[in-house]
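Here is a short set of exercises on how strands and helices fit together in a protein model. Try each task on the structure before you read the solution.

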Amino acid sequence: MRDRAFSGSAYLLATLVTAVATALASPVLLVPAAARSWAGLHRRRAGRLLGVPVGGRPGGRRNLAWVFAHVAVGFPLGLAALMCLGNILVAAVALSFWWAFPADERPTLFSFFDVHVDDWATALVGGSVQIAVLGAVAWWVLPVLARLHARLCLAVLAPSAREKLTERVDVLTRSRVGVVDAHGAELQRIERDLHDGTQARLVAIAMQVGLARESLADDPDTVATLLRQAHETTEEAMAELRTVLQTIYPPILADRGLDGALAALAARSGVPVHIELTDLGALPAAVEAVAYYVIAEALTNVTKHAAATRAALRAERADDVLSIEVTDDGRGGADETRGTGIAGIRRRVAALDGTVRLDSPAGGPTTLAVRVPCAR
């Protein structure tokens with residue numbers, strides 16, 4: 001409650017400042033680019049206060065409409081907050097230091113009634129009552145006004161259905177290009193692994209068997225040696241082939257399902273992992289594979305980079321959406337630009353029209369939250 005009251009008061013005071021700035025800079029804010037940036041700032045503020053994600057980009061008309069709406073609504077709401085908090089401060093000063101002022105300059109309580117503080121009785125009773133009344137207003141009313149302003153902000157700046165569709169098409173187009181590029185790179189990697197590894201060993205096996213066949217009649221000892229080498233090379237080729245196949249679709253998913261595969265990942269992790277899994281039901285193979293690789297990469301990052309002592313994995317399915325959350329108690333400060341792990345996770349999830357949220361403040365904890373549609 002205390003944080004709610006403080007955040008509401010701070011929001012309204014900042015609203016007053018920005019409303020004044022909006023009025024003073026209104027000619028500049030009529031420029032579409034400036035209006036878009038200014039509106040985006042207020043949308044993010046409103047989203048943080050209400051605790052809701054802010055997506056999409058409203059069009060130019062909404063941005064310009066917000067310039068006028070913010071001045072009309074934000075200024076009186078912010079001024080009300082300033083007067084409320086300012087009069088609490090005045091009452092506190094009057095309660096303690098009224099005697100220090102000259103007789104004709106002593107503070108006034110209840111400005112509507114013009115109550116001058118000239119004695120301790122007025123100071124103690126009037127000051128206490130004013131602090132209590134305005135404190136109650138700041139505690140209960142200002143947060144309501146702040147949330148009202150935030151809802152108005154998001155309502156005015158909400159993208160239209162057409163704008164949402166346009167942005168969605170842009171996102172899907174970019175993700176499709178990224179998926180196609182990633183798919184091409186993955187095919188090249190598989191081809192390279194098969195060519196440099198498995199194929200080379202198969203060629204060696206063929207040569208060893210050919211030499212053994214030519215030496216079969218003349219040198220049985222050489223034949224035995226060649227066959228032993230061919231057998232060893234065959235086992236190595238099979239191991240490499242299994243490794244390549246695991247990068248395409250982990251066999252453990254087919255053998256044990258996603259629940260068992262995640263339990264195996266947690267068991268192999270370099271830090272203790274607490275697992276919370278609800279009944280995930282039958283998931284599409286593509287969703288299972290993405291979930292497996294996302295969690296594997298996340299736990300690898302925890303082990304290698306987070307300096308964590310423990311981690312937690314939670315996965316649940318609700319309304320045909322698979323939600324995955326990996327949390328660790330490490331040092332935080334994860335930087336997506338310093339590696340390809342998180343970028344790879346985003347590409348995999350975007351391919352299934354999912355979302356990724358990374359929260360990693362300096363000092364930790366780090367939380368990776370992934371949501372993937374999983375309707376069959």
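**Exercises on strands and helices**

Begin with a turn: E4 and E5 make a hairpin with two residues between them, and Asp-319 in that turn has a positive phi of about 55°. Keep in mind that this is a predicted model.

**Exercise 1.** Find out whether E4 and E5 pair in the parallel or the antiparallel sense, and over how many bridges.

*Solution.* Step 1: locate the strand E5 at residues 321–328. Step 2: look at how E5 pairs with E4; the sense is antiparallel, and there are eight bridges. Step 3: check one pair of residues, and you will see Glu-325 in E5 opposite Arg-314.

**Exercise 2.** Describe how E3 is joined to E4, and give the hand of the crossover between them.

*Solution.* Step 1: find E3 at residues 273–277 and E4 at residues 311–318. Step 2: these two strands run parallel and are joined by five bridges. Step 3: pick out one partner pair, Leu-277 with Ala-315 in E4. Step 4: follow the chain from E3 through helix H9, residues 285–305, to E4; this β-α-β crossover is left-handed.

**Exercise 3.** Decide whether H8 is roughly parallel or roughly antiparallel to H9.

*Solution.* Two packed helices are described by the angle between their axes and the distance between the axes. Step 1: take H8, residues 251–268, whose axis comes within 10 Å of that of H9 and crosses it at roughly 15°. Step 2: angles under 35 degrees count as roughly parallel, so H8 is roughly parallel to H9. Step 3: the crossing of H8 past H9 is left-handed. Step 4: look at the contact, where residues of H8 including Leu-258, Leu-262 and Leu-265 meet residues of H9, among them Tyr-292, Ile-295 and Leu-299. Sorted by class, this contact has 13 nonpolar, no polar and two charged residues.

**Exercise 4.** Now do the same for H9 and H10: are they roughly parallel or roughly antiparallel?

*Solution.* Step 1: H10 covers residues 341–351, and it packs on H9 at an angle of about 165°, with the axes 10 Å apart. Step 2: an angle over 145 degrees counts as roughly antiparallel, so that is how H9 and H10 lie to each other. Step 3: their crossing is left-handed. Step 4: in the contact, Val-290, Tyr-293 and Val-294 are among the H9 residues, and Ile-342, Ile-345 and Arg-348 are among those of H10. By class, the contact has seven nonpolar, two polar and two charged residues.

Terms used: Residues are numbered from 1 along each chain as its sequence is written. This is a predicted model: local features need pLDDT of at least 70, side-chain atom pairs count only at pLDDT 80 or more; totals for chains, interfaces and linings use all residues. Side-chain values use heavy atoms; hydrogens and water are left out. Two strands pair if DSSP finds at least two bridges between them. Helices (H or I, at least four residues) and strands (E, at least two) are DSSP runs, numbered from the N terminus. A crossover is right-handed if, with the strands pointing away from the viewer, the path from the first strand over the helix to the second runs clockwise. Axes are lines fitted to C-alpha atoms, for helices over the stretch in contact, and angles run from 0 to 180 degrees between N-to-C directions. Angles under 35 degrees count as roughly parallel, over 145 as roughly antiparallel, 65 to 115 as roughly perpendicular and the rest as oblique. A crossing is left-handed if the near helix is turned anticlockwise from the far one by less than a right angle, and right-handed if clockwise. Contact means heavy atoms within 4.5 Å. Ala, Val, Leu, Ile, Met, Phe, Trp, Tyr, Cys and Pro count as nonpolar, Asp, Glu, Lys and Arg as charged, and the others, Gly among them, as polar.
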